[in-house]
Amino acid sequence: MDFDIEQTDTLLSTTRAVRRRLDFERDVPDDLLMRCIELAEQAPTGAGVSSRRWIIVKHPETKAQLAELYRAAGGSRVIERLEDRRLAGGRQERMAESSAYLAANMEKAPALVLVTIWGVHDGSGRPGLFDSVIQAAWSFCLALRARGLGSAWTTMHLGKAKEFADLLGIPDGVTQIVLLPVAWTIGTDFTPALRRKASEIVWFDRWGNTQENPGEVSSLIAAAPGVAVEIDIAAPPERVWEFASDINISARFSDEFQGAEWVDSDGPREGASFIGRNERTDVNRVWQTTSYVVACDPPRVFAWNVNDRDRPSAQWRFELERLPGGTRLSQRLVMGPSLSATGRAMEANPDQARHILASRREQHRGNMLLNLQGIKRLAEMGV
Ligand SMILES: Cc1cc2nc3c(=O)[nH]c(=O)nc-3n(C[C@H](O)[C@H](O)[C@H](O)COP(=O)(O)O)c2cc1C
């Protein structure tokens, strides 16, 4: 059979956390929930053993008690935090408001579905427990969405898992995974969330090897255009930015880059250019490049193109992502679209081209990693 790809993709990309658009007034029939669970049970199952157990709670008093426990486990904090300080707007605030709304109204959902599994994770790192249940719970959410229902993936209650177990009679040896408030959705038009592009988070054959398209590119370097390294830093992005946006920073840590000077600016700004000095002892080469800042968005992105603003031979980029306790710093390099000395060496030695490119990428990876490790040390100093 042929799937309707457009519909399937819409289902996969718009099954969102629904909280404020849950219809609390309309009953959800049991047979509909059972059908969705039957579909969900088709998910991969370790050792073929059917260990998932689903509890559908519809009794108003039991729902009220579960909702109270959800609030005691953290939901009330979410509500209070929102009341304390109305934030400036944006996605984070909308999410906080929506979470608070659900916490305040959990008992009004026509059904609360608790997904559990027989077994207790032994911490061994071996698969076989959570990995036999989460995919089924998500299939359940997709089956709901396809029928005009919705839910939100919630785990806050797990801080009160013991109380949940007492209330619902869940035996020892069973692990609770997720609590899904289920209702018809008010309207069915949901939109895809903002997520990273696949090209930014997919590595080919080796950790960090990217296939970002650098633009129209020589077939020589099209095979391996990029490399990315990442590091988690226990310091806020504002502090990490000071180092990441310093054009001299990698001279302190990398073997190759020797230093740089701004040409027409006294600091980082979009449109500014700087001259960098480089040295490779392995091929006895010293050279200079002019780079053009193509993105400067503190404390998030600092990027520059080498040799030519529009048709660079290399594109470098720092990205800073705020984490709960700090920053994830990535440094990315995309080679091309113009050929650099590496590309010209490949042209001159076509038989060796793959090897030249691969070893140059390894060299870059090593220097970039030294650079990020150095920035991490500096940024965490005194934090
Ligand atoms: C592991 C996990 C736990 C979550 N726990 C809660 C929760 O306790 N309460 C809640 O309101 N949302 C919870 N969420 C939902 C996220 O907040 C939700 O994904 C977020 O609002 C973004 O919405 P989206 O998935 O539609 O992009 C959880 C999501 C995950 C993956």
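Start at the ligand: select Arg16, Ala17, Met95, Ser99, Leu102, Ala152, Trp153, Thr154, Thr155, Met156 and Ala193, the residues that surround the ligand. Colour this shell by residue type and it divides into seven nonpolar, three polar and one charged. Keep in mind throughout that the model is predicted.

Next, zoom out to the whole protein chain. Colour residues 5-185 as domain 1 and residues 198-380 as domain 2, following the domain assignment. The centres of domain 1 and domain 2, taken over C-alpha atoms, are separated by 42 Å.

Now select helix 2, residues 30-40. Show the side chains of Leu33, Cys36 and Ala40, which are buried. These three cover an arc of only 65° around the axis, which puts them on the same side of helix 2. An α-helix has 3.6 residues a turn, so residues three or four places apart point the same way. Turn to the other side of helix 2 and pick Asp30, Asp31, Met34 and Glu38, which are exposed.

What lies over the buried residues of helix 2? Add strand 2 (52-57), strand 3 (111-118), helix 5 (134-146) and strand 5 (174-185) to the view; the cover includes these elements. In helix 5, pick phenylalanine 140: leaving aside neighbours within four places in sequence, it is in contact with Cys36, Ile37 and Ala40.

Phe140 also leads into the largest nonpolar core, which has 40 residues. Select Val113, Val115, Ala137, Phe140, Leu180 and Val182, the members that touch the most other members. Helix 2, helix 3 (60-84), helix 4 (91-105), strand 3, helix 5 and strand 5 each supply at least two residues of this core. Strand 5 gives the most, with seven residues. For a second, separate core, of 21 residues, select Ile233, Ala244, Leu329 and Leu372, which are among its members.

The last stop is valine 133, in the loop between strand 3 and helix 5. Is valine 133 buried or exposed? Valine 133 counts as buried because it has 25 C-beta neighbours inside 10 Å, where 20 or more are needed. Show Arg52, Val115, Ile117 and Ile177 around it: with neighbours within four places in sequence left aside, these are the contacts of valine 133. Finally, draw a distance from the C-alpha atom of valine 133 to that of histidine 121; the two residues are twelve residues apart along the chain, and the separation is 12 Å.

Technical notes:
Residues are numbered from 1 along each chain as its sequence is written. This is a predicted model: local features need pLDDT of at least 70, side-chain atom pairs count only at pLDDT 80 or more; totals for chains, interfaces and linings use all residues. A residue is buried if 20 or more other C-beta atoms lie within 10 Å of its own, exposed if 12 or fewer, and partly exposed in between; C-beta atoms are placed from the backbone. Helices (H or I, at least four residues) and strands (E, at least two) are DSSP runs, numbered from the N terminus. The arc is that of the directions from the helix axis to the C-beta atoms. Two residues are in contact if their C-beta atoms, placed from the backbone, lie within 7 Å. A nonpolar core is a set of buried Ala, Val, Leu, Ile, Met, Phe, Trp, Tyr and Cys residues joined through C-beta atoms within 7 Å. A residue is near a molecule or strand if its C-beta atom, placed from the backbone, lies within 6 Å of it. Ala, Val, Leu, Ile, Met, Phe, Trp, Tyr, Cys and Pro count as nonpolar, Asp, Glu, Lys and Arg as charged, and the others, Gly among them, as polar. Domain bounds come from an automatic or database domain assignment.
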